[in-house]
Amino acid sequence: MTRSPQETFSDHVRALGSGDLDAIAANFAPDAVFLTPAGVLHGREGVKQGIGAVLADLPDARWKPGTPVFADDVMLLEWAADADGARVEDGVDTFVFRDGLIGAQTVRYTLLTEPTD
């Protein structure tokens with residue numbers, strides 16, 4: 001039985017919390033696209049590269065997700081995060097689900113850095 005978009009996203013959040021890029025990428029279709037303002041990344045390796053960059057920008061982040069908004073196989077998520085020395089207040093992701101996996105994700109946020117003393 002194929003997972004619903006809500007079930008797939010729930011598992012994605014769990015994997016994201018672990019920081020395990022292989023577990024995160026397993027929720028994506030093999031031909032997934034990961035779109036950022038810097039460009040398009042392809043496949044699970046591209047997903048690992050893209051999400052790895054987010055995790056590097058926000059190491060050990062305290063995530064503050066908004067309420068996901070679903071419409072059939074599409075989801076919108078606004079989020080914020082705090083990490084040591086950096087924060088995001090305006091994160092926005094969209095997801096397109098198919099066959100129990102994430103087929104596409106867009107990511108956009110502004111990284112705010114805190115000066116170190």
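This report describes the fold, the pockets and selected residues of a predicted protein model.

## Overall fold

The protein has three helices and eight strands. Read from the N terminus, the order of its elements is α-α-β-β-α-β-β-β-β-β-β. The radius of gyration is 14 Å, close to the 13 Å that the globule rule gives for 117 residues, so the protein is as compact as a globular protein of that length. Taken along the principal axes, the box filled by the C-alpha atoms is roughly 55 × 30 × 25 Å.

Buried residues make up 36% of the 117 in the protein. Where contacts join residues at least 6 apart in sequence, 42% of them link residues at least 24 apart.

Five aromatic pairs occur in the structure. One aromatic cluster is formed by Phe9, Phe70, Phe95 and Phe97.

## The two pockets

The largest pocket holds about 320 Å³ of space. It is lined by 18 residues, and those closest to its centre are His12, Leu16, Trp63, Leu77 and Asp93. At least two lining residues come from each of helix H1 (5-18), helix H3 (43-57), strand E3 (62-65), strand E5 (74-83), strand E6 (86-98) and strand E7 (101-108). Among these contributors, H1 gives the most, with five residues. By class, the lining of the largest pocket consists of 13 nonpolar residues, four polar residues and one charged residue.

The second largest pocket has a volume of about 190 Å³. Its lining comprises 15 residues, with Phe34, Thr36, Ala38, Gly50 and Ala53 nearest the centre. Strand E1 (28-36), strand E2 (39-42), H3 and E7 each contribute at least two residues to this lining. Here the largest share, five residues, is supplied by H3. Nine residues of the lining of the second largest pocket are nonpolar, four are polar and two are charged.

H3 and E7 thus each supply at least two residues to the lining of the largest pocket, and each also supplies at least two to that of the second largest pocket.

## Two buried residues

His12, one of the residues closest to the centre of the largest pocket, is found in helix H1. Its relative accessible area is 3%, and His12 is therefore buried, the limit being under 20%. Apart from its neighbours within four places in sequence, His12 is in contact with Ile24, Asn27, Phe28, Ile51, Phe95, Ile102 and Gln105. One of these partners, Phe95, is also a member of the aromatic cluster.

Ala81 is located in strand E5. With a relative accessible area of 1%, Ala81 is buried. When residues up to four places away in sequence are not counted, Ala81 touches Leu58, Ala61, Arg62, Trp63, Lys64, Arg87 and Val88. Of these, Trp63 is among the residues closest to the centre of the largest pocket. The C-alpha atoms of Ala81 and Ala29 lie 26 Å apart, and the two residues are 52 apart in sequence.

## Exposed residues and positive phi

Gly17 lies in helix H1, as does His12. Unlike the buried His12, Gly17 is exposed, with a relative accessible area of 64%. Gly17 and Asp60 are 43 residues apart along the chain, and their C-alpha atoms are separated by 9.3 Å.

Asp60 belongs to the loop between H3 and E3. This residue is exposed, at 71% relative accessibility. Most residues other than glycine have a negative phi. Asp60 has a positive phi, near 50°.

Asp72 sits in the loop between strand E4 (69-71) and E5. Its phi is also positive, near 55°. Asp72 is exposed, with a relative accessible area of 71%.

The table collects the accessibility of the residues described above.

| Residue | Relative accessible area | Class |
|---|---|---|
| His12 | 3% | buried |
| Gly17 | 64% | exposed |
| Asp60 | 71% | exposed |
| Asp72 | 71% | exposed |
| Ala81 | 1% | buried |

Definitions and conventions:
Residues numbered from 1 in each chain as written. Predicted model: local features only at pLDDT ≥ 70, side-chain atom pairs only at ≥ 80, totals over all residues. Heavy atoms only, no water. Phe/Tyr/Trp six-rings, centres within 6.5 Å; stacked < 30°, edge-to-face > 60°. 1 Å grid on protein atoms, 1.4 Å probe; cavity = no way out; pocket = protein on both sides within 12 Å on 5 of 7 lines; lining within 4 Å. Points joined across faces, edges and corners; volume = space filled by probe spheres on them. Helix = DSSP H or I, 4+ residues; strand = E, 2+ residues; numbered from the N terminus. Nonpolar A, V, L, I, M, F, W, Y, C, P; charged D, E, K, R; others polar. Rg over C-alpha atoms; globule rule 2.2 N^0.38 Å. Buried < 20%, exposed > 50% of the residue type's maximum accessible area, 1.4 Å probe, protein only. Contact = heavy atoms within 4.5 Å.
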